[in-house]
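Visitor: I'm new to this one and would like a close look at a single loop. Please start there, then show me what surrounds it.

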Amino acid sequence: NGTISSAQDTPVQVAGLTGVTKVSAGFRFSLALRSDGTVRAWGANQLGQLGNGTTVNSSVPVKVTGLSKVTAISAGADSSLATRPGATTTSVFAWGGNSSGQLGDGTLTNRTTPKLVSGINTPFIAGIAAGVDYATVLGTDGSVWGWGNDRSGQLGDASASLPVTRPVNTIAAGSGITQLAADFTTMVALK
């Protein structure tokens, strides 16, 4: 809790946060998905990782701007991902730090509000995982898509051009993969 206040060595309830169905922790910030499909964030915000249009740290949860009907969240080191299903496709949104292209928008520009990630060629998303400066998406068809830092091969792309600023298909459909997890420089998949 060093960015906001003194450390807390016993669990405390997050003030003003109710109806939470999922949580995810990044580096010095956290996300919570509420049952109404909105997302709250709190903690460090120097790169916009709270998604509220500012770069001001917050010790209390703030609403992530422009997101509703969200079904999944994932916090990376300084960026975040969220999914929102539609009638014919699932949309992926990203915001926060973008030094390695981890927002998947073709730039290295930080974003203080969620931005749609385009170029994921699978209609429905089964899972998302944000790591340190990279992100991965699992399609319901078993395909895996990744973008951002691939210096340690965590995307499985072996791309000669770094960083990877747009989603690339790293594992083909029909792989049988059912879950992804990401950490510092490693992505793992459950088959």
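Guide: Here is a walk through one loop, followed by its neighbours and the chain as a whole.

A word on the model before we start: it is predicted, so local features need a pLDDT of at least 70 and side-chain atom pairs count only at pLDDT 80 or more, while totals for chains, interfaces and linings use all residues. Residues are numbered from 1 along each chain as its sequence is written, and side-chain values use heavy atoms, with hydrogens and water left out.

Our loop sits between β9 (125–130) and β10 (134–139), and G131 lies in it. Strands such as these are DSSP runs of E with at least two residues, helices are runs of H or I with at least four, and both are numbered from the N terminus. Is G131 buried or exposed? Its relative accessibility is 4%, so G131 counts as buried. The cut-offs, using a 1.4 Å probe and protein chains only, are under 20% relative accessible area for buried, over 50% for exposed, and partly exposed in between.

So what does G131 touch? Not counting residues up to four places away in sequence, G131 touches G76, A77, A182 and D183. Contact here means heavy atoms within 4.5 Å. For a sense of distance, take T165: it is 34 residues from G131 in sequence, and the two C-alpha atoms are 15 Å apart.

D133 is found in this loop between β9 and β10 too. With 16% relative accessibility, D133 counts as buried. Its backbone is worth a glance: D133 is not a glycine, yet its phi is positive, near 65°. Most residues other than glycine have a negative phi. R28 also has a positive phi of about 65° without being a glycine, and R28 sits in the loop between β1 (20–25) and β2 (29–34).

D133 also leads us to a neighbour, G148, which touches it. G148 belongs to strand β11 (residues 144–148), and at 0% relative accessibility it counts as buried. Leaving out residues up to four places away in sequence, G148 touches S100, G101, Q102, D133, Y134, L155, P163 and V164. Its C-alpha lies 15 Å from that of K115, and the two are 33 residues apart along the chain.

Now look at another loop, the one between β7 (90–96) and β8 (111–117), where G106 lies. G106 has 35% relative accessibility and therefore counts as partly exposed. Aside from neighbours within four places in sequence, G106 is in contact with T165 and R166. We met T165 above, as the residue 15 Å from G131, C-alpha to C-alpha. R28 also comes back here: 78 residues separate R28 and G106 along the chain, and their C-alpha atoms are 26 Å apart.

How many salt bridges does the structure hold? There are 2, each one a side-chain nitrogen of Lys or Arg within 4 Å of a carboxyl oxygen of Asp or Glu. Side chains of opposite charge can pair when their charged atoms come close. In one of these bridges D105 meets R111, with the closest N and O atoms 2.8 Å apart. D105 is buried at 8% relative accessibility, whereas R111 is partly exposed at 23%. R34 and D36 also meet in a salt bridge, at 3.8 Å from N to O, and D36 is partly exposed at 46% relative accessibility.

Finally, step back to the protein chain. Its secondary structure comes to 0 helices and 14 strands. Of its 191 residues, 46% are buried. Its radius of gyration is 16 Å, and a compact globule with 191 residues would be near 16 Å, so the two agree; the radius is taken over C-alpha atoms, and the globule rule is 2.2 Å times the number of residues to the power 0.38. Along the principal axes, the C-alpha atoms fill a box of roughly 45 × 35 × 30 Å. Among contacts with a separation of 6 or more, 47% join residues 24 or more positions apart.
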